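Reader: I would like to go through this model by way of a few short questions. Please show the sequence and structure before we begin.

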Amino acid sequence: MKQKETLSTTPLKEQHIDLSNLLIEEMGDEHKASSVETPLRADAFDTTDEEKIAAIAPHFKAIMEILGMDLRDDSLKGTPLRVAKMYVKELFQGFTPVNMPSMTLFENKFQYNEMLVEKNINFYTNCEHHFVPFFGKAHVAYISSGKVIGLSKLNRLVEYFSKRPQVQERLTMQIGKALQTVLQTQDVAVMMDAKHLCVSSRGVKDDSSNTITSFFGGKFQEEKRKMEFLKYIDINE
Ligand SMILES: [Zn+2]
């Protein structure tokens with residue numbers, strides 16, 4: 001079922017969707033414990049990356065000094081600025097809408113109407129409660145509504161939402177809702193299987209447990225589709 005006749009069959013020049021206007025806050029009512037939107041201050045983007053790095057470095061330096069470290073040591077003196085840069089330019093660059101990957105859709109000219117599964121997408125993110133990593137595999141699937149997306153874009157979307165302090169439940173929903181918006185279909189599934197360093201390296205120090213979260217939209221809420229998806233990803237592999 002074609003929705004837009006303006007889409008041509010010419011590859012690589014189709015429809016660019018700006019993800020910065022995603023309407024993902026709709027999920028809020030159903031998940032009262034935590035908004036699907038990352039809690040951000042109104043002035044979150046009033047400062048540049050460089051200003052943020054310059055502001056974070058002395059704070060991190062203060063933490064190290066309070067812990068008793070001697071910042072005059074060659075090995076340590078570069079750490080505050082290094083950490084500040086890593087936060088702003090790498091680990092948490094997924095805050096900034098300008099870093100949203102552009103999403104290019106193509107017409108589903110093969111008329112492939114079964115589910116497409118991209119499994120074992122590696123992701124690294126950081127727990128917003130402890131600021132230590134959690135990481136693992138994301139598995140995403142969709143059933144085309146007439147449009148398809150470049151496979152690497154699925155990885156990019158997972159990466160984008162991973163690059164901010166996260167909780168796994170929210171990360172899973174953000175990816176699912178974003179895919180629904182981009183692909184213009186409810187028929188999207190996401191499953192994430194992760195190890196949390198805040199569970200394994202501290203606290204209960206449980207090294208063997210994994211955390212699994214899922215998002216099933218549209219046809220994926222049907223038992224048959226759900227089971228098919230789970231069979232494909234076979235997370236016990
Ligand atoms: Zn944690």
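Author: The questions below concern a predicted model and take up a surface patch, a helix and a metal site in turn.

Reader: Which residues make the nonpolar surface patch of about 300 Å²?

Author: One member, Ile63, has its place in helix H1, which covers residues 49–66. Ile63 has 46% relative accessibility, and partly exposed residues lie between 20% and 50%, so Ile63 counts as partly exposed. The patch is made by Ile63, Leu67 and Met69.

Reader: How far apart are the end C-alpha atoms of helix H2?

Author: Helix H2 spans residues 79–91 and has 13 residues. At 1.5 Å a residue, a straight helix would reach 18 Å. The ends of H2 fall short of that span, with their C-alpha atoms only 15 Å apart.

Reader: Against which helix do the buried residues of H2 pack?

Author: The buried residues of H2 are Thr79, Pro80, Val83, Ala84, Tyr87 and Val88. These buried residues of H2 pack against H1.

Reader: Which protein donors does the zinc ion have?

Author: Along the chain, the donors follow the spacing C-x2-H-x67-C. They lie 2.1 to 2.3 Å from the zinc ion. The donors are Cys127 (SG), His130 (ND1) and Cys198 (SG).

Reader: Is Cys127 buried or exposed?

Author: The relative accessible area of Cys127 is 5%. Buried means under 20%, so this value places Cys127 in that class. His130, with 37%, is partly exposed, whereas Cys127 is buried.

Terms used. Residues numbered from 1 in each chain as written. Predicted model: local features only at pLDDT ≥ 70, side-chain atom pairs only at ≥ 80, totals over all residues. Heavy atoms only, no water. Patch = residues over 30% accessible without salt bridge, like charges linked within 9 Å, V, L, I, M, F, W, Y side chains within 5 Å. Areas by Shrake-Rupley, 256 points an atom, 1.4 Å probe, with all protein chains shown as cover. Salt bridge = Lys/Arg side-chain N within 4 Å of Asp/Glu carboxyl O. Helix = DSSP H or I, 4+ residues; strand = E, 2+ residues; numbered from the N terminus. Buried < 20%, exposed > 50% of the residue type's maximum accessible area, 1.4 Å probe, protein only. Expected span 1.5 Å × (residues − 1). Contact = heavy atoms within 4.5 Å. Donors = N, O, S within 2.8 Å, 3.2 Å for Na, K, Ca; no water.
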